[in-house]
Amino acid sequence: MTMPERPLIIGLGTGRCGTHSLVDVLNAQDGVQVVHEDKPILHWNPAKESSDVIGRFQARIDRTPDKITGEVALFLLKHTPALLDAFPQARAVVLHRPREEVIASFTRWVRGSNRYRRHTNHWQRGVRRKRVLWDRAFPRFDAPTMQEAIGLYWDWYARGVGDLTQRYPDRVRQWTMREALNDPDTQRDMLQWLGVANPCPHHAWSAWTVKPKPMSKPAANGYTYCIKTFGRPDALRRCLYSIHDRDPGHPVIVVDDSREPYAADVAAELPKLDVNIITPGYDVGLSRGRNLAIDAVQTEFVCQLDDDMYLVEDTDVPGMIAALTDGKWDIVTGRMLEKGRVEGWEATFCRTDTVLYARPCPPKQRVQPVDMGMNFLVARTATLQRSRYCDEIKIGREHLDFFLAVHRDGGRVACYAPSLVGHRHGKNDRTYRKMRRHRRKAYDRLVMQRHGLSHVVMPAGEVLTYMKNFPRLGPQAKWIDAPAKRQPQASPDRPPVETRDVTVSDGPELAVLYCCHTLDASAQANLQTLRWYNPGVPVHVIENDRPTRQDGWRNADQVLCQWYLAHHPNAQRFALIESDMLCTVPLREHFADTWDADISAANVFLSDQDDHWPWWSEVGRLPANMRPHATGAVPLAGMLFSHRALDAIAPVICRPEMNDIFAELRVGTVAAAQGLKIVETGPHAKRTVRSNKLRPYRRRRPGLYHKVKGRTPPRILIGALSGSSPRLAHRREACRRTWFTGVGGREGVDCLFLMGDPGLSKPDLRGDELWLPCPDDYASLPQKTHLFCLWALASAEFEYLFKCDDDTYVCLDRLLQVPSGLDYCGWKLGKRNYASGGAGYLLSRRAAEVVARDVVEKTGPEDRLVGQHLHRAGIALVYDPRFRPWRKPSHTPRPDNDLITGHYCGHIRMRRVHRQFGRQ
C-alpha cells in the first residue's frame with residue numbers, strides 16, 4: 001500500500017479533557033481537516049471490534065489527499081499501535097487533564113440537564129443502568145461508586161498512554177490540556193511536531209480551560225449581572241464560575257423558572273459570590289424573567305447575560321460602561337466568541353411599508369452606532385426599567401422586539417467592539433428543545449403585529465412572516481423616518497436645480513426603469529427574476545429604439561430621459577436596470593447604503609483624480625459650461641435616481657447640444673453641474689454590478705449582477721430513478737406522455753431515466769434511459785445517484801442536476817424559474833437536514849462533485865446519505881416548499897398554485913395533473 005507523504009494525526013484523551021477544542025485548533029490551520037469521534041463508535045478493545053479501523057483511516061486519506069487528516073477520539077487508545085504500524089507518517093497527540101478534574105467533569109456531565117444522561121454509567125460494572133451506544137467505548141471496573149470507577153478508568157488510560165510513549169517514543173507525545181489549548185508557544189511546538197507547515201496558534205475558548213484572569217479595569221460605578229436561566233444547569237454553572245473567577249466583586253441576580261429550579265444549588269458551590277436567586281414559578285418566559293431581574297437591581301448599571309454566555313479574557317464591562325457614559329448612549333452591546341470566531345447580531349433597521357430589513361453591520365470602529373445588538377449589553381438600570389421586554393413574548397424574537405421598541409422610542413444603541421463574551425450552546429434536554437421550537441412562530445407573529453409588520457428580513461437572510469403566499473404589501477405609516485435630503489446651493493457657475501411641480505408622496509417608494517433593445521428570451525428571463533425578488537415594485541419596460549446597438553448603448557440615458565419626460569411616472573425613486581443584469585436581491589436592500597442620496601452609482605470618476613477612465617477623451621464634446629464639471633458615473637446600469645434628481649437632469653440631457661456624448665460621462669457631468677452629488681454604493685454592491693472578465697464575481701450571494709448577456713434558463717439535467725421491472729414500465733410511459741413531452745422543444749433541460757444493470761462495466765445511454773453499472777433494486781439507490789453524478793460531470797453539459805423518482809410529476813416551466821446560486825435545494829424532511837428524494841432535489845455542479853466523490857455507500861436511504869455528505873462538506877439545504885413529497889391530491893402542481901413537483905403520482909393521476917395545464 002503506497003502511503004501519502006502528508007502526516008496523519010491521531011488524537012487521544014480520556015474524555016472531558018478538551019479533545020473537541022483540540023480539533024478546533026487543528027482545523028484552524030491551513031491544509032488540515034481532522035474529525036472528532038466520527039461514527040461508528042469503536043469498541044475500546046480491538047479484539048471485539050468488527051469494523052476495519054485501518055480502512056477507516058485509509059478512506060479518509062483517499063478522500064482528502066491534499067490535506068493533513070486524522071481523527072481525535074478517546075476510544076482510539078488500544079487501536080493506536082495498529083494504526084502507527086500501518087501508517088508510518090502517523091503521529092499521536094495526547095491531551096492530559098488531572099485525575100480529579102476528569103472525575104468532577106464526568107460527574108457534572110452525567111448529572112446535567114439531559115435526563116437521558118442521569119441513568120448513564122459507562123465505567124462501573126455490576127450496576128443497573130441503561131445501555132447506550134457509548135458503553136462500547138469505555139472499559140468497566142469493579143468499584144463501589146461511579147466516581148471511583150471513573151478514577152480507575154483514568155488510571156487505566158494513563159497506563160495505556162505510558163505504554164505507547166515507551167513503544168513509540170518519537171511518534172507519541174503528551175501535552176497538558178491547559179497549555180495545548182491556551183499557550184501559543186506550546187501550540188506552535190505541538191503543531192510543528194504534527195507536521196503542520198505554517199502553524200498558527202488558535203485560542204480555544206472555554207470557561208474550564210482558560211486560566212482565570214480578573215478584569216484589569218475597576219468599575220467607576222457599581223453594576224449588577226442579570227441572568228435568566230431555564231433548564232440548563234451546566235450552562236449556568238459555567239457562567240457563574242466565569243464571573244467568580246474574573247469579576248467576583250459585583251452582585252449577580254439569577255431568575256430560574258425551571259420545572260425543578262437548580263440555580264440555588266449551583267450558587268451554593270460559590271459561597272463567595274453574591275448571588276440573589278429569584279424563582280417566579282414554572283415557565284414565566286425569557287422576557288418576564290429579565291424584567292423581574294431588572295426590578296431587583298440596586299446598582300446604577302446593569303450587565304445582562306444569557307445563561308449560555310460566560311466571561312472571557314476580553315470581557316470588558318467597565319469599558320462598556322465608560323463608552324455608555326462618554327457617548328451618551330442608552331444601551332451598549334458587546335460581541336461574542338463562539339468556537340474561536342468573533343460574531344454578533346449587530347444590525348440597522350430599514351423599513352419599507354410593512355417590511356423590515358435588519359441589515360447586518362459588523363462594527364468597523366471601536367464604538368459603532370447600531371439599531372440592534374446582542375443580549376450581552378450594559379445600560380443604566382433606569383433605562384431598562386423604562387424600556388421593558390414584552391412579557392407576552394416568552395422566547396424567540398424577544399430581543400428583536402426589545403430593540404425595535406427602543407428604536408421606536410428614540411433610544412440610542414451602540415456596539416463596543418473590544419468587549420467579548422464567550423458563547424456555548426451545549427446540549428439541551430428534549431423538553432427544552434420542544435418548548436423553544438414549537439412556540440417560536442406564535443411569538444414571531446406577536447412581534448410583527450406589535451410593530452405593524454408583515455415580513456422581517458433578519459441579518460442572516462431568514463425571512464419571518466405570518467402571512468401565507470407573501471401577499472402584496474400595502475402602504476402603512478412609517479415610524480422610521482428617513483433623514484432630510486441635502487438641498488444643493490446655487491452658485492454662479494452651477495445653476496439651480498430645475499424641478500417640476502408633481503407630488504410624489506402618494507406614489508410608490510421605488511419604481512424600476514427596465515431598458516432593453518429587444519425583449520428577447522434572455523431579457524424576459526432576467527425581467528422575471530427581477531420581479532420575483534421585488535414583488536409589488538412597478539417595472540416600466542423601455543425599449544431602446546436607436547437604429548444600432550452601438551448607438552443605443554452610447555445614448556441609453558437619452559432614451560430613458562425622453563421616456564421619463566413623456567410619461568411622467570410617479571415614484572419617489574427610480575432604479576435603472578438594463579436587460580443584461582440579473583437581479584437576485586430586493587433592490588431596497590441592495591441600495592440600503594445610499595437610499596437617501598440623490599443619485600447613487602457603483603463608481604464615480606473625477607477628471608482630476610481618475611485619469612485612467614478611457615471616456616475622458618470625449619470631454620471636448622461637452623458644452624463649454626459643462627466641461628469644468630466633467631464626471632463619470634460608471635456603470636449606467638444599476639444606478640438609483642431620486643424623483644428630484646431625474647426632474648433636474650432629464651431636460652438637460654435631452655438638449656440638442658448634449659447629443660453624441662457617451663452616456664456615463666453625460667449623466668455624471670449633468671448631475672454635477674446641477675449640484676447633485678453622486679454617492680458610490682457599498683463594496684458588495686459595487687463588485688456585483690461592475691463587470692470584470694478577468695475576475696468574474698461568482699453569483700452565490702444576493703446581488704445585482706452585470707453583465708449577464710445571452711442568459712437562458714439554467715441548463716438542468718433531470719434524472720428520474722426507475723427500474724427494469726415490467727411493473728415500472730407504465731410509470732416511464734406516463735412520464736414520456738406528460739411532462740417529458742416538453743423536453744424536445746424546450747431549451748435548457750434534458751430528462752433521463754436512471755436504470756441499473758450490474759453486468760455493465762460503464763454507463764450506457766440508450767435514448768432517454770441511462771443504464772448504470774449497479775444493481776437495479778431499491779436498496780442500491782445510493783449507487784445510482786453516485787454513478788449518475790459521476791457520469792453527468794464527465795459526459796453532460798449542465799448547471800444543475802435534478803434528481804427525482806419516476807412517479808414524480810415535474811412542472812418544467814416552474815423548475816426552470818428556480819433562482820440561480822443555489823447548491824442544494826428541495827423539501828426538508830421534518831427536522832432533518834436533507835431533502836426528500838421522492839419530491840426531488842436540485843444539485844449544483846459543486847454539490848454534484850461532492851456526491852460523486854463522497855457518497856460511496858452501497859446501500860441505505862439515498863436522500864439522507866446525500867444530505868449528510870453535503871452537510872459535512874459545508875453545503876446547507878435550502879428549503880423550498882414548492883417541492884412536495886406527499887400523496888394528497890392538493891400536493892400536486894396545478895395552475896392555481898406554485899408547486900413544482902408532486903410525488904406518488906400513478907399514470908392516471910399524472911395524466912390528470914398534466915391535463916389541468918391545458919396539455920394533452
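**Helix α8 and its surroundings**

Helix α8, which runs over residues 233-246, has 14 residues and reaches 20 Å from its first C-alpha to its last, close to the 20 Å expected at 1.5 Å a residue. The model in which this helix is seen is a predicted one.

The helix is mostly covered, for ten of the 14 residues of α8 are buried. Those buried residues begin with Pro 233, Ala 235, Leu 236, Arg 237 and Arg 238, and they continue with Cys 239, Leu 240, Ser 242, Ile 243 and Arg 246. The partners against which the buried residues of α8 pack include both helices and strands: the helices are α4 (99-110) and α9 (263-268), while the strands are β6 (223-229), β7 (252-256), β9 (301-306) and β10 (309-311).

From α4 the reader can move on to helix α5, residues 146-167, since the axes of α4 and α5 come within 9 Å and cross at roughly 130°. That angle makes α4 oblique to α5, and the crossing of the two helices is right-handed. On the α4 side, Arg 99, Val 102, Ile 103, Phe 106, Thr 107 and Val 110 take part in the meeting, and among the residues they meet in α5 are Met 146, Ile 150, Leu 152, Tyr 153 and Trp 154.

These elements belong to a protein chain with 28 helices and 40 strands, in which buried residues make up 54% of the 920 residues. Of the contacts in the chain with a separation of 6 or more, 73% are accounted for by residues 24 or more positions apart. The chain exposes about 41700 Å², and carbon and sulfur atoms supply 49% of that area.

Methods:
Residues are numbered from 1 along each chain as its sequence is written. This is a predicted model: local features need pLDDT of at least 70, side-chain atom pairs count only at pLDDT 80 or more; totals for chains, interfaces and linings use all residues. Side-chain values use heavy atoms; hydrogens and water are left out. Helices (H or I, at least four residues) and strands (E, at least two) are DSSP runs, numbered from the N terminus. Buried means under 20% relative accessible area, exposed over 50%, partly exposed in between (1.4 Å probe, protein chains only). Contact means heavy atoms within 4.5 Å. Accessible areas come from the Shrake-Rupley method with a 1.4 Å probe; for residues, only the protein chains shown count as cover. The expected span of a helix is 1.5 Å times one less than its number of residues. Axes are lines fitted to C-alpha atoms, for helices over the stretch in contact, and angles run from 0 to 180 degrees between N-to-C directions. Angles under 35 degrees count as roughly parallel, over 145 as roughly antiparallel, 65 to 115 as roughly perpendicular and the rest as oblique. A crossing is left-handed if the near helix is turned anticlockwise from the far one by less than a right angle, and right-handed if clockwise.
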